[in-house]
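Student: I have the sequence and the structure open. Can we go through them together, one question at a time?
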There are 2 protein chains.
Amino acid sequence: MSAYDALMAFQRETEALGQIAGRLGWDQETVMPRGAAEQRGEEMAAIEGVLHSRRTDPRIADWLETAEAPDDEAAAQLRLIRRSHARATKVPAALAQRLARVTSTAQMIWADARAADKVADFLPTLAEVIALKREEAAALAQGGDLYDALMDDYEPGATAAVIGGMFDRMRPRLVRLREAVLAAAAPPALHHHFGEPAQLRFARDLASRFGYDFTRGRLDLAVHPFSSGSGNDARITTRVVETDPFNCFYSTIHEVGHACYELGIDQDYLLTPLGNGVSMGVHESQSRIYENQLGRSPAFAGWMYRQMLDRFGDFGVASPEAFARIVNRVQPGYIRTEADEVHYNLHVMMRFDLERALIRGDLQVTDLEAAWNDRFAADFGVAVDRPAHGLLQDVHWSAGLFGYFPTYTLGNVYAGCLHQALRGDIPDLDDHLARGDTSAATGWLREKVQRHGGRYEPRDVIARACGFEPNEAPLLDYLDAKFGALYGL
Amino acid sequence: MSAYDALMAFQRETEALGQIAGRLGWDQETVMPRGAAEQRGEEMAAIEGVLHSRRTDPRIADWLETAEAPDDEAAAQLRLIRRSHARATKVPAALAQRLARVTSTAQMIWADARAADKVADFLPTLAEVIALKREEAAALAQGGDLYDALMDDYEPGATAAVIGGMFDRMRPRLVRLREAVLAAAAPPALHHHFGEPAQLRFARDLASRFGYDFTRGRLDLAVHPFSSGSGNDARITTRVVETDPFNCFYSTIHEVGHACYELGIDQDYLLTPLGNGVSMGVHESQSRIYENQLGRSPAFAGWMYRQMLDRFGDFGVASPEAFARIVNRVQPGYIRTEADEVHYNLHVMMRFDLERALIRGDLQVTDLEAAWNDRFAADFGVAVDRPAHGLLQDVHWSAGLFGYFPTYTLGNVYAGCLHQALRGDIPDLDDHLARGDTSAATGWLREKVQRHGGRYEPRDVIARACGFEPNEAPLLDYLDAKFGALYGL
C-alpha cells in the first residue's frame, strides 16, 4: 500500500469516528433522556480522546512526508490532513484537555448565569476560558496574530485585518438602511394561533421543496435549531412557537441550507477530508441564501402566503405584499439569532470587536458588560435591559468559540455574491420561486458550491462560483434594493 | 497510580466507547435515515475497530499481571477484563471489522428481504455472515466446539451439550401440555380496533408501573422490539398492531424487564465491567418474569382488564377470567416473538438445532428454507405460509448472533426458578399484582439479581437469588399449574 493510500485509509476511519461524535451531539440535543447527561459527558470525552490521539498520531507525519498525490483532488486531501495534523500537534495535550474540561463546565455556568440574569456568576469562568484560549492561540500562532490563529479553525485563510476592513465599509450603509426602514411604516403584528402539527407538516414540505433528501436526513425538534452530520446522514432540527410560525419555517429552511451543503458534496469524497463543508463562512452562505435570498424573496413569499392560507385559514394578512413585509420585518432587537437581515450583521460586528479586544488583552472581563452595553446603545439606539438580552445571550464564548462570530457575516457576504451570480445565470428565477420551485436555484448552488466540499479554499470556491472576488457590495446592494422596494424607500 | 487503578481508568473509557457503539445500534433501528445505512456500516466498523484495539491493547496483559484486587468486587472486575481480553486477542482485528461491516449491511438487506418476502435476496449475505462467524468461532474455540465458542459470548460457561440435554428433558412435557391445552376450548378472538396513540399511552403507563425510569430511558417504535444501553441510558422500543394490543403491551413489559436490569445495577459499577447484565440468559430471565410470570399472571391480568375497559371501552371480553385466558392464549403460530409460553421454547429449540447445523457446516443456506419449513411442520403441525413467517422472521442471524437463541429458553428456565423463590418470599404477591402493583416483585428482583450486574457468574447469581441450583423443573411445574387452571385441564 502506498503512503497516500495508507494515510487515506487511516483518515477514513477518523472521519467515520468524527461522524459518530456528531451523532452523539445530535442525540444529546434531541432524544437523550436527561438522566443520562453525566454518563454522556464521559462518552463524549472518550470519543474526543480517541479522535485527538488519531489526529496527533505520529504515523501521519511519516505518511505525509512520503505520500505522493496522484491528482489535484488528492493534493487537496493532503493539504487538509496536513493542516489538521499541524493544528492538533501544536497544542499540548494537557492544554487541550484543560480547555475541554473548562469549556464544558463554563457552558453549564453560563446557562445558569443566563437563567439567573447574573453576569458576575459567569465572569470568573469566562476569564479562565479566555486565558486558556490565549494560551492556545499563542501555541497556534507561533508569533503571529492570536485572533487570526483562532479564526483559522472556522475560516481558513481569513484575517481580522481583512474582515475588520470589510466590516468598516459595511457598517455605514447598514446603519443608513436601518434608519430609513425604521422611519417607514412597520408591518402589523400577527394575531393568530398556528398549531404545532400543521407547522411541522409545512416545515417538512418546505424542507423537501428546498431539496432536502429525507432518505438521508430527518427533522426533529430541539431547543436551538441546528444541523448535524455529513455524508449521507445530515439531520436538521427546528422549533415551534405557536404564535410565530416563521420561527419554525425559516429555522427549517436555514438548517436545510446547511444540511444540503453536506448532502450535496460529491459522493466520491464520502468520509474523506474533502467530504465536509469547507468553512463556517461558506456553510453559512448556504443556510443564509436558502433562508433569505430565496426563502424571504417576495416571489417565494407569495407562494408561501397562498400555502399558509390553505393550511391555516385566514390568518389576518390581506395580501402577498403585506405578507412579504411581515417575513421581512425590520426591528431593533436584543437577540442576534432573532435579528432581521438589516440588523444581523451589526450584532456580529459588535461581538467581533469585543472578542478581538478580549483576546488581545485590551479588554478585561470586568469591563466587558459596560463595553457591551455602551456599544449596543451606540449601534442599536436602545439600552440593554438585562444581561440575558446582552452579553449572556450567546453560548459561543463559554464554549471557547472565539473567532467564530465573524463567519456569520462572512456567510451573508458570500450569500450576497452567490445570489448576484445566480440571478445572472437564471434571469427568470422569480418565476420559479413564485411557483414554490427552488430547484433551479438549489441545483445551481449544488453544482457551483456544494459538490466541491473541501476541494477549494473558502474564498476560492465562492470566487469560482461567482466569477468575481467575493466582496460586500452585492449583499449591500441586494439589501438596499429589497428593503427599498418592500418599504417604499 | 497502581496497576489496578490504571487498568480500571483505561477500562472505563472502553466501557464509555462501548456505550457509544450501543447507541449507534439504537439509532440505526429507530431514527436513522435509510440512505445512511452504508455510511453507518463504516462508522460501526470504525468504532468496533477502536474497541477491538482497546480490548487487545498489550498494556492490559501487563496491568493484569501486576494488578492486585483490593476486594472481592475488584477481583470480579479483573476476572471479566481477563475474559474479555482473552476473547478479543483471539480474533484478528481485520476479521472483527469485516464482521461489523457485513452484519450492519446484512441487517438492512434482511429487513428489505423480509418486507418483500424474498428469501433469495437474503441468502447470499447470510452465507457471508455464516462464513465469517465460523471463522470467528474457529479462532475462539482453538480446537474446541465452534458453537460453544460462539455461545460463550452470550452465556459464559454454557455448553451446547448441557443445554441440549436440558432441552431434551423439556420437550416431552411441553408437547404434552401443548396437546392438552389445544384440545381444550380456545378463548374467543378479539374483534376490536385499538388505536395506536391509546396503545402507546397504556404502554408508557405499563412501563412506569413495572418500574421503568423514563428519566434514564425512552420508548420508541421499531420493527423488532429491543432494549439498548446500560448505566443511566437504557432505551426500549415496542411495536403496534391495531387489532392486537397485547403485542405492544407485552413487548413493552418484556423490554422493560431488560432495561430495568441494566438500570437496577449498583451505580458504583457504572462504566465498569460489572456495570452490565451478566449474560443474555439472566437478562432474559428478567424480561420474561416481568412479561409472563408477573404480567400474564391471572392476578395482574385482572387489573389490566379493568384498565383496558376504561381506556378502550367494551372490547368484547366479558370477564377478567376470559381476559386472562386471552392473554394466555395457546396456539401454534409462525412467529417466535408472538409465541405463547407453551410454544415459545419449541421455537427456540428448533433454531438451536438449525444454527448448530449451520455453524458445524452440516446445513447450507441453500437448504435452510426447506430445513426450517420441514422442522416447523413437524414440531408445530402446520406449514409455513411465507418466508416472513418462516426463516426471515428473526433479525439474529443477519446480525451474526449465532448461539444467542438458546439463551431465551435458559432465561425462561431461570425465570421459572426466580418465580418459585419470589412466591416463597412474598406469599401475598397476587394481592399486589391484582392492584396493578408490581413493586414488591420488581424490588425483590432488583435486590436479588439486578443490582449485582456482572458480579457473579450467570448460574451463580440465579442460585444465590433462589437458594437452589437452577433447573428446568420450576418452569415446567409453573406452566402445568397455570395453564391447567386456566384451561381446566
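Student: What rotation superposes chain B on chain A?
Tutor: This is a predicted model. Chain B falls on chain A with an RMSD of 1.3 Å. The shift along the axis is 0.9 Å. The two copies are thus related as by a two-fold rotation axis. The rotation itself is 174°.

Student: Which residue of chain B comes closest to the rotation axis?
Tutor: Go by the C-alpha atoms. The closest approach in chain B is 4.2 Å. The residue is B:Ile20.

Student: Which element gives the most to the side of chain B that touches chain A?
Tutor: In the interface, 31 residues of chain B are in contact with 31 residues of chain A. Two elements of chain B give two or more residues to this side: α1 (3-30) and α2 (37-55). Eight residues come from the top contributor, α1(B).

Student: How many residues on that side of chain B are nonpolar?
Tutor: Sort that side by class. Nine residues are charged and eight are polar. The nonpolar residues number 14.

Student: Why do the copies meet through the same surface?
Tutor: Compare the interface residues of the two chains. Those of chain B are largely interface residues in chain A too, so the surface is the same. The share is 97%.

Student: In chain A, which strands stand at the edges of the sheet?
Tutor: The sheet is open and mixed, in the order β1-β3-β2 (chain A). An edge strand has a single partner, so one side is left without a neighbour in the sheet. In chain A these are β1 (219-221) and β2 (227-228).

Methods: Residues numbered from 1 in each chain as written. Chains lettered and ligands numbered in written order. Predicted model: local features only at pLDDT ≥ 70, side-chain atom pairs only at ≥ 80, totals over all residues. Pairing = 2+ DSSP bridges. Helix = DSSP H or I, 4+ residues; strand = E, 2+ residues; numbered from the N terminus. Contact = placed C-beta atoms within 7 Å. Nonpolar A, V, L, I, M, F, W, Y, C, P; charged D, E, K, R; others polar. Least-squares fit on C-alpha atoms with pLDDT ≥ 70 in both.
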